[in-house]
Amino acid sequence: MAQALRHPEELLIDHANCEKKAASTALNLMFRYIDKPDLLQKMSRLAREELRHFEQVTALMNKRGVTYRGLSASHYAQRLRQHVRTSEPGRLVDTLIVGAFIEARSCERFAKLAPHLDEELGTFYMSLLKSEARHYQDYLKLARDYADGPIDDRIAFFAEVEAAAMVADDDEFRFHSGVAAGA
């Protein structure tokens, strides 16, 4: 958290990038799995919400004089996604579980950061909690719905992978990064 408070500009820029990536993931799932009506509906809603969050973050950035620019991504999501199975339905189930972990971690980080930010940004981050929690629940429900059996073992596996990803060093501070080298 201390890193986030020391890098407010990067926090906002990376947050905007995370919202875009979340929308992109939802859209990719919609294009890949056109035969799954529940997934199509949930991911359509999720993509719209994530793009709306992107617009809200960039509006806050503009108001604060923060220029939107490209930033390298943290390795957090990559560290999770490298364990996604390649055959179906495992690929879909694992992708949805990874999405659930990313959304849950975002929700947690917003809740932890909000009390330490200025009122406007803290209030904004608290306003995101409900949708981030719903996204987590939607991803997990869809994973259970489309699995060919129980997924508790896969969830436990990704919980271990995610725990390691959370503390692994990253070159720079990012919203989902572990300890930034030299921080």
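**Exercise 1. Work out how α2 sits against α5 in this predicted model: which hand does the crossing have, and what is the relative orientation of the two helices?**

Step 1. Start with the hand: α2 passes α5 in a left-handed crossing. Keep in mind that you're looking at a predicted model.

Step 2. Next, the geometry. The two axes come within 12 Å, and they cross at roughly 155°.

Step 3. Now classify. Angles over 145 degrees count as roughly antiparallel, and α2 and α5 are therefore roughly antiparallel to each other.

Step 4. Put a couple of α2 residues on the map. Helix α2 covers residues 8-32 and includes Glu10; Lys20 lies in α2 too. Glu10 is partly exposed at 23% relative accessible area, and Lys20 is partly exposed at 37%.

Step 5. Finish with some distances. Lys20 and Thr95 are 75 residues apart in sequence, with 17 Å between their C-alpha atoms. For Glu10 and Tyr68, 58 residues apart along the chain, the C-alpha separation is 9.5 Å.

**Exercise 2. Do the same for α5 and α6, then say what kinds of residues make up their contact.**

Step 1. Locate the helices: α5 runs over residues 90-113 and α6 over residues 119-146.

Step 2. Read off the packing. Their axes come within 8 Å and cross at roughly 160°. With the cut-off for roughly antiparallel at over 145 degrees, α5 and α6 are therefore roughly antiparallel to each other.

Step 3. Check the hand: α5 passes α6 in a left-handed crossing.

Step 4. Sort the residues of this contact of α5 with α6 by type, and you get 21 nonpolar, three polar and two charged.

Step 5. Zoom in on one α5 residue. Cys107 has its place in helix α5. Its relative accessibility is 17%, so Cys107 counts as buried. The C-alpha atoms of Cys107 and His135 are separated by 9.6 Å, though the pair is 28 residues apart along the chain.

**Exercise 3. What is the orientation of α5 relative to α7, and which hand does that crossing have?**

Step 1. The axes are 10 Å apart, and the helices pack at an angle of about 45°.

Step 2. Angles under 35 degrees count as roughly parallel, while the roughly perpendicular range starts at 65. An angle of about 45° fits neither bin, and α5 and α7 are therefore oblique to each other.

Step 3. As for the hand, α5 passes α7 in a right-handed crossing.

**Exercise 4. Which residues of α7 are buried, and how are they arranged around the axis?**

Step 1. Get the dimensions first. Helix α7 takes in residues 152-167, 16 residues in total, and reaches 23 Å from first C-alpha to last. That's close to the 22 Å expected at 1.5 Å a residue.

Step 2. List the buried set: Ile155, Phe158, Val161, Glu162, Ala165 and Met166.

Step 3. Look down the axis. These residues cover an arc of only 140°, which puts them on the same side of α7.

Step 4. Why does such a spacing give one face? An α-helix has 3.6 residues a turn, so residues three or four places apart point the same way.

Step 5. Flip to the other face. Turned away from the buried side of α7, you'll find the exposed residues Asp153, Glu160 and Val167.

**Exercise 5. Where is the cis peptide bond that involves Pro89, and in which part of the chain is Pro89 found?**

Step 1. Check omega: for the bond joining Glu88 and Pro89 it is about 0°, and the bond is cis.

Step 2. Set that against the background: most peptide bonds are trans.

Step 3. Place the proline. Pro89 is found in the loop between α4 (76-81) and α5.

**Exercise 6. Describe the setting of Thr58: buried or exposed, or in between?**

Step 1. Thr58 lies in helix α3, which spans residues 37-63.

Step 2. Buried would need under 20% relative accessible area. Thr58 has 22%, so it is partly exposed.

Step 3. Thr58 and Tyr68 are ten residues apart in sequence and 7.3 Å apart in space, C-alpha to C-alpha.

Definitions and conventions
Residues are numbered from 1 along each chain as its sequence is written. This is a predicted model: local features need pLDDT of at least 70, side-chain atom pairs count only at pLDDT 80 or more; totals for chains, interfaces and linings use all residues. Side-chain values use heavy atoms; hydrogens and water are left out. Axes are lines fitted to C-alpha atoms, for helices over the stretch in contact, and angles run from 0 to 180 degrees between N-to-C directions. Helices (H or I, at least four residues) and strands (E, at least two) are DSSP runs, numbered from the N terminus. Angles under 35 degrees count as roughly parallel, over 145 as roughly antiparallel, 65 to 115 as roughly perpendicular and the rest as oblique. A crossing is left-handed if the near helix is turned anticlockwise from the far one by less than a right angle, and right-handed if clockwise. Ala, Val, Leu, Ile, Met, Phe, Trp, Tyr, Cys and Pro count as nonpolar, Asp, Glu, Lys and Arg as charged, and the others, Gly among them, as polar. The expected span of a helix is 1.5 Å times one less than its number of residues. Buried means under 20% relative accessible area, exposed over 50%, partly exposed in between (1.4 Å probe, protein chains only). The arc is that of the directions from the helix axis to the C-beta atoms.
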